[in-house]
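The following briefing is intended for a reader at the bench. Please consult the sequence and structure shown here alongside the points below.

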Amino acid sequence: MSYAANLAMTLPEIVLGLGAIALMLVAAWGGSASTKAVSWASVAVLVGAGIALIGPASSGGEAFGGLYRADGFAAFAKVLIYAAAAVAIMMAPSFFERTSGDDLRPEYPVLILLSACGMGMMVSASDMLTLYVGLELQSLAAYVLASFMRRDARSAEAGLKYFVLGALASGILLYGISLVYGFSGTTLFSGIADAYAGSRSIGLMVGLVFVFAGLAFKISAVPFHMWTPDVYEGAPTPVTAFFASAPKVAAMALSVRVAVDAMGPATDQWRQIVIFASLASIILGAVAAIGQTNVKRLLAYSSINNIGFALVGLAAGTREGVASVLFYLTVYIVMTLGSFLVVLQMRDEAGEPVETIASMAGLSRTKPLLALAMAMFMFSLAGIPPLLGFNAKLAVFSAAVDAGLFPLAVAGFVASVIGAYYYLRVIKVMYFDDPAPAYGGEAGIVEGGLIAAAAVFVSPVGWLLLAPLGVATLGAARSLL
């Protein structure tokens with residue numbers, strides 16, 4: 001295959017990389033005055049990367065000797081990643097212009113672009129080294145984003161915790177990769193799959209455990225979830241929204257590819273790990289959120305809970321299971337981004353962010369449309385019909401049942417009832433408690449439009465998208481299995 005053909009398959013990453021470098025130079029010369037221009041240019045770069053997926057970048061196959069794979073599965077995940085990254089950029093100006101002492105700087109959208117480039121490499125990785133390089137590119141940008149508000153102690157603490165624990169997880173993952181390489185003789189997924197299909201050694205099994213432990217940190221699955229609540233609470237709200245959406249999609253898609261593509265012959269072994277992580281994440285994410293008073297911490301445990309449900313689909317290990325994971329991730333990022341866009345509107349008369357659940361009391365009377373949108377997101381996250389969150393949970397449970405994992409589906413369904421409690425508590429506070437002091441300001445056109453779009457998507461109107469989404473997710477799963 002020619003070098004030009006290889007480059008054509010990696011065109012989205014090339015667009016993001018060159019766009020980030022160019023905008024970094026603009027930011028260096030233009031300073032803070034260039035922030036708005038750099039932000040919208042970054043959104044345009046993400047759109048361009050999405051357009052670049054048309055053609056070889058979504059169906060070209062293997063590039064660079066098997067290091068990179070351009071297929072429908074990666075393309076679907078990249079569309080979700082780019083969309084979430086664009087929303088994270090668009091919601092930032094409103095937050096930073098009202099936060100005293102820390103104005104939005106043009107480095108923010110550039111870091112988002114670099115992180116998105118790393119995530120693209122992650123979901124297209126077909127070699128352990130490509131996997132690690134993409135993951136580290138995403139992580140290094142994320143560490144800076146978590147501590148972006150330099151004068152805020154919570155943000156600095158979030159960045160430091162994320163960095164230390166992220167370094168630990170990277171070490172665990174790298175050790176697992178070294179074990180797999182040592183006992184298989186290759187870092188290519190295809191070669192690793194051949195090794196697992198042959199006579200398996202204890203070294204390969206231990207390597208499998210360490211690789212999945214490292215990936216579990218990136219998706220914040222139990223027992224590697226400990227960083228999530230603190231980082232989500234301390235990081236700026238737009239950054240938290242980004243962490244809860246795009247990196248989750250990338251890490252989950254990467255986990256699916258590693259499990260199915262590289263370690264498919266060892267399904268019986270990794271399925272045990274995935275089932276444990278799934279049930280533990282669902283239960284802990286539900287129980288630990290009950291006593292939370294900070295809405296960002298509540299949404300952090302909600303993300304742990306939802307990753308548990310996505311893992312139910314992965315545990316199936318089938319084409320339908322992979323499709324259900326992609327469908328769940330699609331609905332999840334819309335619900336999560338919508339929830340954080342509402343949290344962004346929570347500010348006092350002075351414009352300072354307010355994050356307590358108690359401050360939402362009586363929101364249905366002071367800001368009825370905002371309360372309605374938040375109620376829809378909460379109901380959807382709880383999986384209550386006819387909202388789209390119900391269909392997402394139904395998809396992963398159906399895939400588990402079809403794969404013979406009926407006990408897992410039942411346990412997940414029962415545990416989801418626990419999680420419904422804290423989602424309904426937020427709705428109860430908004431609609432039935434005595435009003436708290438009203439929030440100041442109104443949502444901007446961009447934020448209001450994004451909230452409305454997300455609410456319409458999760459509403460019964462979203463059922464119109466079920467058929468095309470089903471076709472798209474199944475087609476993406478077919479390219480992997």
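Val417 is found in helix H21 of this predicted model; helices (H or I, at least four residues) and strands (E, at least two) are DSSP runs numbered from the N terminus. Residues are numbered from 1 along each chain as its sequence is written, and side-chain values use heavy atoms, without hydrogens and water. Local features need pLDDT of at least 70, side-chain atom pairs count only at pLDDT 80 or more, and totals for chains, interfaces and linings use all residues.

**Surface around Val417**
- Val417 is exposed, with a relative accessible area of 53% (buried means under 20%, exposed over 50%, partly exposed in between; 1.4 Å probe, protein chains only).
- Val417 joins Val401, Phe406, Val410, Phe413 and Val414 in a nonpolar surface patch of about 560 Å².
- Patch residues have over 30% relative accessible area and no salt bridge, and nonpolar side chains (Val, Leu, Ile, Met, Phe, Trp, Tyr) are joined within 5 Å; a salt bridge is a side-chain nitrogen of Lys or Arg within 4 Å of a carboxyl oxygen of Asp or Glu.
- Helix H21 (residues 406–432) gives the most to this patch, with five residues.

**Overall fold**
- The chain has 23 helices and two strands.
- Of its 481 residues, 60% count as buried.
- The C-alpha trace spans about 65 × 55 × 40 Å along its principal axes.

**Confidence**
- The mean pLDDT of the chain is 87, and 98% of residues reach 70 or more; pLDDT is the predictor's confidence in each residue, from 0 to 100.
- Among the elements, helix H6 (residues 92–98) has the lowest mean pLDDT (77) and helix H5 (residues 72–90) the highest (93).

Note on methods:
Patch = residues over 30% accessible without salt bridge, like charges linked within 9 Å, V, L, I, M, F, W, Y side chains within 5 Å. Areas by Shrake-Rupley, 256 points an atom, 1.4 Å probe, with all protein chains shown as cover.
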